[in-house]
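Work through these exercises with the structure open. Try each task before reading its solution.

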Amino acid sequence: MPSRVLVVEDDDAIRIGLRLALEDEGYAVDDAASAEDGLLAVRRDPPDVMVVDLMLGGMDGFDFIRSARVSCGAPVIVVSARADTHDIVAALEVGADDYVTKPFEIKELSARLRALRRRSASAPAGDERRPPLVLDGAEPALVLDVDAATLHRGAEPVGLTVTELRLLCELAAVPGRVLSRQQLLERVWDRGFFGDERIVDVHVRRLRTKVEIDPSAPRTVVTVRGLGYRLDLS
Amino acid sequence: MRYLADVQAFSRGPRSRRRAGLRRRLVVAVTTGSVLLATFLGTGTFVLARGYLLDLRERSATRATLADAVVVREGLRTAGRPVSEVLGSLSAESSTVVALRRDGAWYGSALSGSAQDLPSDVLDAVRDGHVVHAWTSLDGRPAVVVGVPLPAVGGELFEIRAADELSQTLTTLRTVLLALTLLTAAVALAAGRRLADVVMGPLHEVGSAAGRIAAGDLGTRLAPTDDPDLSAIVGSFNAMVDTLDERLARDARFAADVSHELRTPLTALVTSVEVLRGRASAMPPGNERLLDVLATGLARLRRLLEDLIELARAEAVPDDTSWKVTDLRELVRHTLTDSGRDPDLLTPGPAVTVRAEPRMLRRAVVNLVENADAHAGGVTRVVVHTSTDDALVHVDDAGPGVPWPDRELIFERFARAGRRTPTSGSGLGLSLVRQIARAHGGDVWCSDTDAGGARFTIRLPRTTAGADR
């Protein structure tokens with residue numbers, strides 16, 4: 001079954017072009033000309049991945065992402081026409097997973113889409129089921145089940161986006177070991193040497209608000225100054 | 001602006017030899033004026049004091065001689081007393097020469113003969129019945145002579161007094177005045193320099209502020225002053241910079257706005273053409289070539305737009321969040337491989353760390369490499385190495401090199417120097433490289449290789465690897 005992409009873009013020419021291009025790439029495409037229509041589409045038929053323009057008439061892209069995130073953890077790729085990089089960071093903060101800047105080529109966008117739709121690279125080849133991993137010593141404890149792709153605190157599921165979960169899985173695959181921003185960019189986002197490391201930083205921040213008891217004093221996902229991030233089991 | 005500043009710096013050299021600087025002229029004027037004034041006052045003082053002292057000396061000599069004349073006259077009236085006895089009875093100081101001429105014969109207390117050497121106009125005036133005083137010399141020393149006619153006894157009395165102490169006083173006075181004049185000159189020189197500093201200080205400030213502004217630091221302003229003479233200059237200078245700053249910002253904003261507005265339609269075009277190319281097999285053969293033309297033109301347009309946007313970014317205040325300490329060698333290697341080039345073009349070596357915005361720096365390297373592809377038969381070698389404080393990237397090409405006069409020109413926007421024909425370049429490539437290098441605190445220039453090709457060198461300040469975040 002093809003991946004379903006939702007394109008939210010108010011410029012007709014780009015929306016039509018994107019729709020045709022992504023259909024040619026093998027995606028099932030739904031589109032919306034406004035954030036409001038986009039939210040209806042998300043509710044009606046949750047997509048596997050979303051492509052969202054930040055500058056929309058009426059409700060803007062930031063609001064759309066914030067609202068869509070309430071019910072949908074599917075990856076969001078932001079399309080930005082503004083070179084103002086604060087916009088990109090702001091979009092990542094409200095829940096976007098990655099971005100492309102206009103003018104982009106379709107192969108660039110589909111590379112991003114592929115990366116975010118990829119199965120976790122750290123999944124072992126064998127079919128042996130990995131035991132759930134207890135991440136902290138709090139009561140109730142935080143438990144990650146990599147194979148079921150779930151995170152629970154006690155009996156309560158913790159709502160992570162697809163990308164947040166993959167980031168956590170990458171860190172949990174090598175507990176106690178530092179992963180550099182470059183390594184994380186490569187493994188989770190499939191970005192190379194020139195990837196934007198702020199993507200990692202913002203995602204770690206977002207992840208902490210969901211997994212840490214006190215996000216301002218992280219004990220599970222810790223920063224190693226000058227090197228990167230490490231997952232500490234305790 | 002920078003170019004203009006260089007030209008001015010260059011022309012400053014020879015001109016200074018022809019014409020003294022304002023500072024020097026100020027010092028010379030103050031010193032000369034003070035010395036002239038001191039000399040005038042000193043000379044005046046000396047002349048007045050000398051006249052007064054000489055007059056005083058003459059009066060006292062005249063008074064003493066007149067008194068002696070009375071004694072001599074009375075003595076000679078007493079018949080029978082010899083002249084020498086009368087003269088000997090005078091209680092004159094030993095240094096005083098007394099001489100009496102009577103009936104053509106000279107009598108003296110100390111017949112040194114100097115009396116006979118008296119100036120003839122003095123002798124004549126006394127013979128005509130006048131009391132006369134005049135300056136002469138006694139054994140080579142200055143002396144005052146006073147002559148008094150004694151008609152009652154048919155003689156003339158002369159007394160010559162040495163004025164040693166007077167001439168010593170005058171010498172001392174002259175020395176003191178000369179010393180004072182020299183002191184005045186020294187003080188005036190120091191004061192002149194200080195004055196020149198005071199006057200030149202604000203000018204220097206204006207000059208260095210203008211220099212910083214020309215070098216691109218548009219935040220530079222002169223500090224406000226409460227000096228009413230300077231505040232007007234400072235005010236209008238700062239107003240000028242404000243206007244300039246605003247104007248530049250407006251121009252940059254306009255360029256950025258235009259670029260951004262162009263992005264959306266261009267994206268639609270790029271996407272549509274890509275869809276068409278993907279479906280090219282379903283099209284009649286002739287259309288495929290047309291599609292290629294369209295795609296090539298679009299790629300060029302896109303490149304121009306990206307360069308414009310990057311140029312605006314490089315000009316803007318750097319966004320610190322995306323800067324980091326980076327291994328320049330790794331960056332260059334990745335740039336080569338990402339653009340599908342042979343990473344062996346880069347000569348191996350140790351890591352060289354710089355603080356940079358990696359994507360911006362990548363664009364600089366890409367532009368140099370693409371410039372070599374477009375104009376000079378491609379890159380032959382890329383070298384990353386270091387000098388004391390700097391990291392250097394050489395990009396050598398296989399072309400004929402860039403002639404001297406064009407080596408600066410090629411970094412101008414839309415400058416296509418000499419034989420270089422417009423090809424795929426945006427015309428902004430090299431100027432963007434320069435803008436990016438300067439945004440990193442470095443620069444870029446063009447020289448030649450041993451093989452005669454062009455060598456473009458990017459210089460960046462080095463940083464030590466370590467704590468970045």
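The exercises below concern a predicted model.

**Exercise 1. The interface in outline**

Task: State how many residues chain A and chain B each bring to their contact, and how much area is buried between them.

Solution.
1. Count the residues by chain. Chain A gives 33 residues and chain B gives 30 residues.
2. Take the accessible area lost on association. Interface size is often given in this way.
3. For chain A and chain B, the buried area is about 2700 Å².
4. Split that area by atom type. Carbon and sulfur atoms give 56% of the area.

**Exercise 2. Polar and charged pairs across the interface**

Task: Find how many salt bridges and how many polar-contact pairs link chain A and chain B, then work out which elements of chain A supply its side.

Solution.
1. Apply the salt-bridge rule. Five salt bridges cross the interface.
2. Check one of them. Glu197(A) pairs with Lys324(B), and their closest N and O atoms are 2.3 Å apart.
3. That distance lies within the 4 Å cut-off for a salt bridge.
4. Now list polar contacts. Nine residue pairs qualify, with both residues at pLDDT 80 or more.
5. Map the chain A side onto its helices. At least two residues come from each of α1 (12-24), α4 (85-94), α5 (106-117), α7 (181-189) and α8 (198-211).
6. Rank the contributors. α1(A) gives the most, with seven residues.
7. Sort the chain A side by class. It holds 12 nonpolar, eight polar and 13 charged residues.

**Exercise 3. Chain A as a whole**

Task: Describe chain A by its helices and strands, its burial and its long-range contacts.

Solution.
1. Count the elements. Chain A has eight helices and 12 strands.
2. Assess burial. Of its 234 residues, 52% count as buried.
3. Take the chain A contacts with a separation of 6 or more. Residues 24 or more positions apart make up 58% of them.

**Exercise 4. A covered strand in chain B**

Task: Decide whether the faces of β9(B) are covered or open, and identify its partner strands.

Solution.
1. Locate the strand. β9 of chain B spans residues 390-397, and eight of its eight residues are buried.
2. Separate the faces. Asp390(B), Leu392(B), His394(B) and Asp396(B) lie on one side, and Ala391(B), Val393(B), Val395(B) and Asp397(B) on the other.
3. Both faces are covered.
4. Find one partner. β8(B), residues 379-386, runs antiparallel to β9(B) and joins it through seven bridges.
5. Inspect a bridge. His385(B) is paired with Leu392(B) of β9(B).
6. Look at the connection. β8(B) and β9(B) form a hairpin, with three residues between them.
7. Find another partner. Seven bridges also join β9(B) to β11(B), residues 454-461, again antiparallel.
8. Inspect a bridge here too. Asp396(B) is paired with Arg455(B) of β11(B).

**Exercise 5. Two residues, two settings**

Task: Classify Val145(B) and Glu315(B) as buried, partly exposed or exposed.

Solution.
1. Start with Val145(B), which sits in strand β4 (residues 141-150) of chain B.
2. Its relative accessible area is 0%, so Val145(B) is buried.
3. List its contacts beyond four places in sequence. Among them are Leu118(B), Val132(B), His133(B) and Ile160(B).
4. Check a spacing. Val145(B) and Ile160(B) are 15 residues apart along the chain, with C-alpha atoms separated by 4.3 Å.
5. Turn to Glu315(B), placed in helix α7 (residues 285-315) of chain B.
6. Its relative accessibility is 40%, so Glu315(B) counts as partly exposed.
7. List its contacts beyond four places in sequence. They are Ala252(B), Arg413(B) and Gln435(B).

Key
Residues numbered from 1 in each chain as written. Chains lettered and ligands numbered in written order. Predicted model: local features only at pLDDT ≥ 70, side-chain atom pairs only at ≥ 80, totals over all residues. Heavy atoms only, no water. Contact = heavy atoms within 4.5 Å. Buried area = accessible area lost by both parts, 1.4 Å probe. Salt bridge = Lys/Arg side-chain N within 4 Å of Asp/Glu carboxyl O. Polar contact = N/O pair within 3.5 Å; in protein donor to acceptor, adjacent residues only side chain to side chain. Helix = DSSP H or I, 4+ residues; strand = E, 2+ residues; numbered from the N terminus. Nonpolar A, V, L, I, M, F, W, Y, C, P; charged D, E, K, R; others polar. Buried < 20%, exposed > 50% of the residue type's maximum accessible area, 1.4 Å probe, protein only. Pairing = 2+ DSSP bridges.
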